[in-house]
Every structure is written in C-alpha cells, then in structure tokens.
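Good morning, and thank you for coming. I should like to walk through one structure with you, part by part.

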2 protein chains.
Amino acid sequence: MSANESRRRRRDGEQSRSAILGEAARLATVEGLGGLSLARLADTVGMSKSGVFELFGSKEGLQLATVDSATSVFEEHVLEPAANANGLARVHALVEAFFRYVETDVFPGGCFFASALTELSMQPGPVRDRLVAFLERWLGELAAAVREAQAEGAIDPAEDPDQLAFEIEAALFFANAGFVVARTPEAIERARRTIERRLGAATAA
Amino acid sequence: MSANESRRRRRDGEQSRSAILGEAARLATVEGLGGLSLARLADTVGMSKSGVFELFGSKEGLQLATVDSATSVFEEHVLEPAANANGLARVHALVEAFFRYVETDVFPGGCFFASALTELSMQPGPVRDRLVAFLERWLGELAAAVREAQAEGAIDPAEDPDQLAFEIEAALFFANAGFVVARTPEAIERARRTIERRLGAATAA
DNA sequence: CACAAGGACGAACGATCGTGCGTAGTACCC
DNA sequence: GGGTACTACGCACGATCGTTCGTCCTTGTG
C-alpha cells in the first residue's frame, strides 16, 4: 500500500522521505530495525511523529522503505566502486569496497544487512523476504565475479563459484561483526588475509 | 544485584528460574534479547508477569541470567561433546558439535550468541560485555585446540592459531546465519567443506 | 488565479512496556 | 513446629509504542 509507486509525491515530501530514510537506516544498525521507534526517529530529523508516520503509512512501510534506502547506500559504496573492474580484479574490488564501507562507518553499527538480516531472519514477512533477497543477490554478485575470473583464466575452472562466494562472504560477514565489537582493524585484517590466501589457492595452475 | 550469589534461594524458586531462563533463551533467538517481553515470557511459562520479574529484579537482570543460561546450554552441546578429544581431533569435534547444535534447533533461531551479539554489539552495558567475553572465550577455545594440534605435530607450526580460529569461526558464524535463513543443510555443508579444506592446507608437511 | 492534493502538525486512542507495592502462601532452618 | 525469608500473585503506575483523526499550510497543475 505504502509501496504504491503510482502515488504522486511532491518534491518537499521526497526530500523529507530520503532524509528520514537515511537516518532510519543509520539508527536501525544501532537499535535494530524492529526497535526503531517512530518518535525517536521523528525528533532526530526534527519532525513530528505523525508527520513521519504519514509518509510511510505504517511501521512496516517504513521498514521496507528503509531496506530499499540501505540497498541504495550499499550499491553506492560497495557495488559502484567495483563497477569498472572485471574478473579477479572485480572480486578484489568488491571485497576491498566492502571493507571500506564497514571501516568508514557508513552505518554506525556496521553493515546494515548483516544486522537487519540477523535480527529479522526468524520473523516472517515482507521485510525479511526483502533482506533475504538482498543476501542472495549479493552472493550472486560475488559468484558472478568468480565465474568471470574463471572465464578469463585467473581462477581454476574446477572451483565451485558458489562455494567460493560463500567463503568470501563468510569472511566479510564475520569481519563486520568483529569490527563492530572491537572497533579495531584486526578483524578486517584477518578477513583480508583469509580471502587473499583463499584466492591465491584458487588461482589457475 | 540480581547476580548476587549470596542470596539464599529456595528449591522451587530455582526450578522456576531455570524453566524461565530456558524459555527466555529460546525466545530471545526469535524475538531478540531486547525485544523479549516480561509478559509474553511469563505466560509461555504459565506465570504472572510480576512473578517472573521478581526473580530477576530487572529486565537487565533477566537478560544477564539468560546469557548465563545460554552459556550453559552452549557448553553442554558444543564444548562437552569435544571434551575428550585433543589436538586436531578436538578442532574437528568442536566444529561438528557446533553444526549439530545449530542443525538440531537447540535454539529455534540458531546460535543464541550469534543473534544476541549482533543485536547488542552497539548497545553498551553489562549484557553486551558478557556476550563479548563469551565470543573471546570461544575463539580462545578454538585457538587453544589449534595450538594443541601444532604441539602434537598435526598442524604446521607456522600457522597463526588466532588467524586459524578466526577463519573457522567465520565459517561457523555464516553457516549459522545461512541455516536460519534457509533451513537447509546447504550452508552447513559449505562451511564444513570450507573448514576441512582449510585444515587440510594447514596440515604439517 | 483557483483549486485539488500532498505534507506536516498536535492531540488523543488503546495497547503494551518495565517497574513498584502490598499481601497471601509455602519451603526451609533452628 | 514455629518463624523467617523466599515465591508468587494482583493491581496499578508512568512511559512509550504504533496508529488515527482533524486541521492548517504549501505546492503543483490546469
């Protein structure tokens, strides 16, 4: 209902919307996507609770819009920096962009999707579905880069691209958790070492 | 305060306490440790809200006790099955015990600590501190097993035990997330492959 | 310029949250 | 076996939650 795209929107409303969503995604990595409250969100952006509410129709509408907003942020900070690289270089570029995305506090509580998916994976509904879809898309992105690297002869064709994508993402996922906990580059450094070593072993003979 | 061990406790209270805590830990992996409500917890165990409350003194007291309870469950299901193994066999035993612990739904929402730590890593306080301490202890357990394996000559002494523990835990951590999302052995199977391969590469020449 | 429509507001709602209090019942120690 | 202290309860509190409503203001269109 709130996701009805045919709804006409004024320019000022669109600005408020995106300002709210940016703050919502940031807040969600600290308090959780479910623990996010309309009232707190409203006064961190300097609006009334009902004003925020009406822009999204319901809390679920706000959550869905927040996931979409976070998706754009992820695309901008992780996918785009690797947009011009191909094959093995693309794998490295995606990994390094992800590290930067975590280290530079794009979201104060680390990767938005790591926390949101963990929080909502046991709570059925459209929000969970959208988060799961994102994870699959991201894993697909990594696997596709691996396949590209195989096609260009940089990675052993005997490697299973999905398995390699799993291993890379596992390192990224835990690196994010470790960085959020310790606020230290150690976990990221270990993940980098993990991935470099694994990619080295996967290099075509 | 509620953790004051000098407080005398009756047998029936102790039974209620552990029954409540078992349910609390299970509920927390579904609704979150923060989203857990006294009222819902009370009537899933068939008690009054105030009855539950007084046993723990505060919500934070309940959360701390829940973490301790979940720690015991983890020890029982993961540490104990590997208690009699040493060195490399101990590493494998810990990993397999963890897989069983996740796959058999000891907690309905997967590993308690994976979800709780992700949820609370940005919320300072004693609960977070206890969860972080658990993670360090668990990583230390893995690293100690690796060192044992090096001492018995099963793993290359040039390997960094902490790095290896990081890589193993990364696979376990993401396997848990994947299993909770998909309810399929696929993620666990991939993690098993990841770890077996990595340990194979770490085998002393 | 006028008018339809979206944006933002304040106030209020029912529900639920964690917490405090007074009290009745009961297990355990001397 | 009596008395103390823990167990468990019902009730009520203030706060906060998501949501609804009526109203005023502003924007964009014809």
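I shall begin with a single chain, then turn to the pairing of the chains, and end with the DNA.

Please keep in mind that this is a predicted model.

Let us start with the fold of chain A. Which secondary structure does chain A have? It comes to nine helices and zero strands. Read from the N terminus, the order of elements is therefore easy to remember, since it runs α-α-α-α-α-α-α-α-α. The C-alpha trace of chain A spans about 60 × 40 × 30 Å along its principal axes. Of the 205 residues in chain A, 41% are buried. If we take the contacts in chain A between residues at least 6 apart in sequence, 64% of them join residues at least 24 apart.

One helix deserves a moment of its own. Helix H4 of chain A covers residues 59-79, which is 21 residues. From its first C-alpha to its last, helix H4 reaches 29 Å, close to the expected 30 Å. Which residues of this helix are buried? Among them are A:Leu62, A:Leu64, A:Ala65, A:Val67, A:Phe74 and A:Val78. The buried set also includes polar residues such as A:Gln63, A:Thr66, A:Ser69 and A:Thr71. What covers the buried residues of H4(A)? The cover includes H1, H3, helix H5 (87-103), H6 and helix H7 (126-151) of chain A.

Now we come to the pairing of the two chains. Chain A can be laid on chain B by a turn of 180° and a shift of 0.0 Å along the axis, with an RMSD of 0.1 Å. The two copies are thus related as by a two-fold rotation axis. Which residue of chain A comes closest to that axis? It is A:Ala170, with its C-alpha at 2.8 Å.

How many residues does each chain bring to the contact? Chain A gives 27 residues and chain B gives 27 residues. On the side of chain A that touches chain B, the elements giving two or more residues are H1, helix H6 (112-120), helix H8 (161-182) and helix H9 (186-202). The largest share comes from H8(A), with 11 residues. By class, this side of chain A has 12 nonpolar, 10 polar and five charged residues. Moreover, 100% of the interface residues of chain A are also interface residues in chain B, so the copies meet through the same surface.

Finally, let us consider the DNA, beginning with strand C. There are 24 residues around DNA strand C, and those that come nearest are A:Gly13, A:Ser50, A:Gly51, B:Arg11 and B:Ser37. Two or more residues each are given by H1 and H3 of chain A, and by H1, H2 and H3 of chain B. The largest share of this surface, four residues, comes from H3(A). The surface near DNA strand C has five nonpolar, eight polar and 11 charged residues.

Turning to DNA strand D, we find 25 residues around it, of which A:Ser37, A:Ala39, B:Gly13, B:Ser50 and B:Gly51 come nearest. Here H1, H2 and H3 of chain A, together with H1 and H3 of chain B, each supply at least two residues. For strand D, H3(B) gives the most, with four residues. By class, the surface near DNA strand D has five nonpolar, eight polar and 12 charged residues.

Thank you for your attention.

Technical notes:
Residues numbered from 1 in each chain as written. Chains lettered and ligands numbered in written order. Predicted model: local features only at pLDDT ≥ 70, side-chain atom pairs only at ≥ 80, totals over all residues. Near = placed C-beta within 6 Å. Contact = placed C-beta atoms within 7 Å. Expected span 1.5 Å × (residues − 1). Buried ≥ 20, exposed ≤ 12 C-beta atoms within 10 Å, placed from the backbone. Least-squares fit on C-alpha atoms with pLDDT ≥ 70 in both.
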